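Here's a quick tour of the structure, meant to be read with the viewer open. Have a look at the fold and follow along as the pieces come up.

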Amino acid sequence: MIKTDALIIGAGPTGLFTAHQLKLIGLDCEIVDNLDKIGGQCIELYPDKPIYDIPAVPECTGEELTNNLINQLKPFDINFHLSERVDEVKKNGDKWIVKTNKGTSFTTPNVIIAGGVGSFEPRKFSVEGHEKFENKSILYSIKDKNIFKGKTVSIFGGGDSALDWAVELSNNCNVNLIHRRDEFRGAQATVDKVHELAKSNKIKLFKKFQLKKLNGSSKIENIDIEDDDKQIKNLKTDYVLGFFGLIMQLGPIANWGLNIDKKTVEVDTEKFETNQKGIYAVGDICNYPGKLKLILSGFHEGALAARACFKLAKPNEKYRFEFTTSSKAIKNRLGVKSD
Amino acid sequence: MAKITYIEHNGTNHTVDVQNGLTVMEGAVQNNIPGIDADCGGGMACATCHVYVKEDWFNKINKKSEGEDDMLDQAYEPKKNSRLSCQIIVSDDLEGLIVDMPEKQT
């Protein structure tokens with residue numbers, strides 16, 4: 001069990017700056033994020049897109065913003081728990097016990113939800129009965145490619161993940177690659193490679209087809225795919241892999257007893273606290289009259305929530321407001337010289 | 001301004017006036033019409049404002065933006081007449097536009 005002054009859920013810009021604010025006022029914190037990298041939507045959805053409304057930064061991309069925020073955290077020692085999703089938040093006296101899907105657990109007086117629109121999860125197939133085969137014959141990510149050796153694998157999708165795996169698995173499996181339209185959106189070199197392998201029949205290409213039906217009892221035996229003109233083809237297959245990108249799902253947050261309206265969590269505007277004492281929500285996921293879904297609003301909300309955390313983390317100390325320009329204590333924490 | 005009709009998957013109709021310059025997505029969100037999530041807020045980064053545009057309208061409205069098809073690959077049940085509603089800008093010419101919404105966005 002990890003003890004910390006505050007646990008932050010979400011390593012997007014708001015979560016990162018909230019961590020900065022916590023460390024600045026002398027609190028420690030840990031950050032959990034379901035993605036395998038730091039940056040949240042900025043890094044997952046628009047790493048290359050320019051942002052124009054970060055105060056004092058005329059223009060920067062999602063990736064640059066993330067890197068700058070990470071740099072700003074450099075003076076501090078912060079543990080990131082990536083590829084982990086917080087599943088459970090339970091009260092225990094005046095503390096919260098937080099558990100992730102990987103079994104990591106925390107005890108903390110403060111939980112700050114900076115979860116954006118929820119956690120990123122793979123987009124799944126929508127055909128009937130897909131749940132039944134999930135994690136057995138239907139997979140959305142690959143942990144061990146050796147299980148496919150000598151088998152027939154049907155890969156759906158047209159982006160880099162689908163293409164990369166089609167190329168890789170064509171070495172020792174029968175690969176069907178099915179995509180809903182003519183063009184692929186992967187790197188040109190990979191697209192060329194796929195077409196080359198299709199020519200030599202190492203990959204069977206089915207363009208303008210989508211999954212229509214899964215057939216099989218305990219595992220998939222064959223599938224029906226359908227094209228735009230409703231023409232159906234039946235493919236024998238052992239595995240079905242779907243690579244349709246990630247979607248955001250509110251997920252377990254819905255079960256923590258918080259007031260939720262339209263996928264956002266209601267908070268006050270003094271502490272950004274939810275209806276549960278010691279649980280805060282900041283950034284895109286919080287909701288209050290006048291809420292703007294801007295990164296700069298998340299920074300403000302995180303700064304105030306961090307101050308609110310102080311009271312619960314150090315009940316016997318008084319929080320004193322200080323500026324980074326003049327405070328010796330803050331400069332010490334930052335590891336910079338005082339004048 | 002244009003009158004736009006949004007049809008939910010269950011058949012419920014919503015007809016609203018949407019100002020020129022807004023997107024079809026914004027027209028739905030600002031009028032609290034269910035069925036369009038628009039998680040990324042119109043950045044063409046999430047495919048949760050996915051709609052089906054009736055055939056006769058599909059060829060009349062602006063063409064797909066660069067990269068829109070890439071995002072539509074990730075939409076829920078994309079079809080030939082799929083569009084991201086954040087990429088359709090409203091003008092007087094869109095008077096009477098009808099869009100169908102998918103069963104769900106995620």
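The sections below go from the overall layout to individual elements and one residue.

## The big picture

First off, this is a predicted model. Chain A has 339 residues, 40% of which count as buried. Its secondary structure adds up to eight helices and 24 strands, and its C-alpha atoms fill a box of roughly 70 × 45 × 40 Å along the principal axes. Take the contacts in chain A between residues at least 6 apart in sequence: 58% of them join residues at least 24 apart.

The domain assignment splits chain A into domain 1 (2-121 + 247-334) and domain 2 (124-244). Measure from centre to centre over C-alpha atoms and you should get 38 Å between domain 1 of chain A and domain 2 of chain A.

## Strand S3 and its partners

Zoom in on strand S3 of chain A, residues 29-33, where five of the five residues are buried. Side chains in a regular strand alternate between the two faces of the sheet. In S3(A), Cys29(A), Ile31(A) and Asp33(A) point one way, Glu30(A) and Val32(A) point the other way, and all are buried.

S3(A) pairs with strand S2 of chain A (residues 6-9) in the parallel sense, over four bridges; here Ile31(A) in S3(A) has Ile8(A) standing opposite. S3(A) also runs parallel to strand S6 of chain A (residues 79-82), again joined by four bridges. In that pairing, Glu30(A) stands opposite Asn79(A) in S6(A).

## Helix H1 and the crossover

What do S2(A), helix H1 (residues 13-24) of chain A and S3(A) make together? They form a right-handed β-α-β unit. The geometry of H1(A) works out nicely: at 1.5 Å a residue its twelve residues should span 16 Å, and its end C-alpha atoms are 16 Å apart, so the two agree.

H1(A) is mostly covered, with ten of its twelve residues buried. That buried set takes in nonpolar-looking names and others alike, including Leu16(A), Phe17(A), Thr18(A), His20(A) and Lys23(A). Just after H1(A), Gly26(A) takes a positive phi of about 90 degrees.

## Helix H7

Helix H7 of chain A (residues 295-313) has 19 residues and reaches 26 Å from first C-alpha to last, close to the 27 Å expected at 1.5 Å a residue. Among its buried residues are Ile295(A), Phe299(A), Glu301(A), Leu304(A), Cys309(A) and Phe310(A).

Which elements do the buried residues of H7(A) pack against? The list is S2, H1, strand S10 (110-113), strand S23 (279-281) and strand S24 (286-287) of chain A. S2 and H1 are the elements already met in the β-α-β unit with S3(A).

## A look at Leu241

Now jump to strand S19 of chain A (residues 239-242), where Leu241(A) lies. Why is Leu241(A) counted as buried? Because it has 25 C-beta neighbours inside 10 Å, and the cut-off is 20 or more.

Setting aside residues up to four places away in sequence, Leu241(A) touches Leu139(A), Val153(A), Ile155(A), Phe156(A) and Trp165(A). Asp284(A) is 43 residues from Leu241(A) in sequence and 32 Å from it in space, C-alpha to C-alpha.

## Where chain B comes in

At the interface, 15 residues of chain B are in contact with 19 residues of chain A. Sorted by class, the chain B side that touches chain A has five nonpolar, four polar and six charged residues.

Terms used. Residues numbered from 1 in each chain as written. Chains lettered and ligands numbered in written order. Predicted model: local features only at pLDDT ≥ 70, side-chain atom pairs only at ≥ 80, totals over all residues. Helix = DSSP H or I, 4+ residues; strand = E, 2+ residues; numbered from the N terminus. Pairing = 2+ DSSP bridges. Right-handed = clockwise from strand over helix to strand, strands pointing away. Expected span 1.5 Å × (residues − 1). Contact = placed C-beta atoms within 7 Å. Nonpolar A, V, L, I, M, F, W, Y, C, P; charged D, E, K, R; others polar. Domains from an automatic or database assignment.
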